[in-house]
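Colleague: Please pick one part of this model and go through it closely. I would like the cut-offs stated as you go.

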Amino acid sequence: MPPSLWSIRHGENIMMWFIVVIFVGAFSSCALSDGVEYTLYRSGMDIPAHHDETLRIHVATFNARPLNSINEDTKYNRANCEIAQELFTANQPHYRGGTFGIVEVKYWCEKGRFK
């Protein structure tokens with residue numbers, strides 16, 4: 001039995017609304033104010049022979065908006081980034097090796113999204 005015209009149009013409408021919802025969700029997530037985000041970075045590689053402090057490696061981005069105030073959300077994200085920075089710094093392995101001594105990976109927070 002062939003599908004009725006109504007069921008075809010009903011399916012097309014559902015698909016159209018699904019696409020609209022996905023588009024609006026993706027667009028609104030990209031439209032968050034740049035200014036509440038903080039990003040945690042780390043230096044070089046963990047292997048002593050390849051340690052490079054000039055590298056800037058993305059670890060995490062903090063972009064929560066729980067307080068509905070740009071100023072308060074910025075403070076909240078900065079505080080969470082700094083807590084993560086402290087935890088990563090305190091719990092990193094220390095590599096010892098010949099001429100390299102102890103290699104420590106540096107962690108730091110920067111305002112804004114990952115660049």
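Modeller: In this predicted model, ring pairs join Tyr41, Trp108 and Phe114 into a cluster. A pair here means Phe, Tyr or Trp rings (six-membered ring for Trp) with centres within 6.5 Å; planes under 30 degrees apart are stacked, over 60 edge-to-face, the rest tilted. Residues are numbered from 1 along each chain as its sequence is written. Local features need pLDDT of at least 70 and side-chain atom pairs 80 or more, while totals for chains, interfaces and linings use all residues; side-chain values use heavy atoms, without hydrogens or water.

The structure has three aromatic pairs. One of them, Tyr41 with Trp108, is stacked, at 6.1 Å centre to centre and 25° between the planes. Its partners are 67 residues apart, with Tyr41 in strand 1 (residues 38-42) and Trp108 in strand 5 (residues 107-111). Strands (E, at least two residues) and helices (H or I, at least four) are DSSP runs numbered from the N terminus. Tyr41 is buried at 0% relative accessible area, whereas Trp108 is partly exposed at 23%. Buried means under 20%, exposed over 50%, and partly exposed in between, with a 1.4 Å probe and protein chains only.

Tyr41 also pairs with Phe114; this pair is tilted, at 6.1 Å centre to centre with 35° between the planes. Phe114 belongs to the segment after strand 5, and 73 residues separate it from Tyr41 in strand 1. The relative accessibility of Phe114 is 47%, so it counts as partly exposed. Arg56 adds a charge over the face of Tyr41, 4.1 Å from the ring centre; the test is CZ of Arg or NZ of Lys within 6 Å of the centre and within 35 degrees of the ring normal.

Next, the strand that carries Tyr41. Strand 1 is mostly covered, with five of its five residues buried. Tyr38, Leu40 and Arg42 lie on one side, Thr39 and Tyr41 on the other, and both faces are covered. In a regular strand the side chains alternate between the two faces of the sheet.

The sheet is open and has three strands in the order 2-1-5, paired antiparallel. Its edges are strand 2 (57-62) and strand 5, each of which pairs on one side only. Two strands pair if DSSP finds at least two bridges between them. Strand 1 and strand 2 are joined by five bridges; across them Arg42 stands opposite Ile57 and Thr39 opposite Thr61. Toward strand 5 there are also five bridges, again antiparallel, and there the bridge partner of Leu40 is Cys109.

Two residues of strand 1, Tyr38 and Leu40, also belong to the largest nonpolar core, which holds seven residues; the others are Phe62, Cys81, Ala84, Val105 and Tyr107. Such a core is a set of buried Ala, Val, Leu, Ile, Met, Phe, Trp, Tyr and Cys residues joined through side-chain atoms within 4.5 Å. Strand 1 and helix 2 each supply at least two of its residues. Phe62 touches Tyr38, Leu40, Val36 and Glu37, and also Asn77, Asn80, Cys81 and Ala84, when residues up to four places away in sequence are left out; contact means heavy atoms within 4.5 Å.

One backbone detail remains, at Asn68 in the loop between strand 2 and helix 2. Phi of Asn68 is near 55°, a positive value in a residue other than glycine. Asn68 counts as exposed, at 71% relative accessibility.
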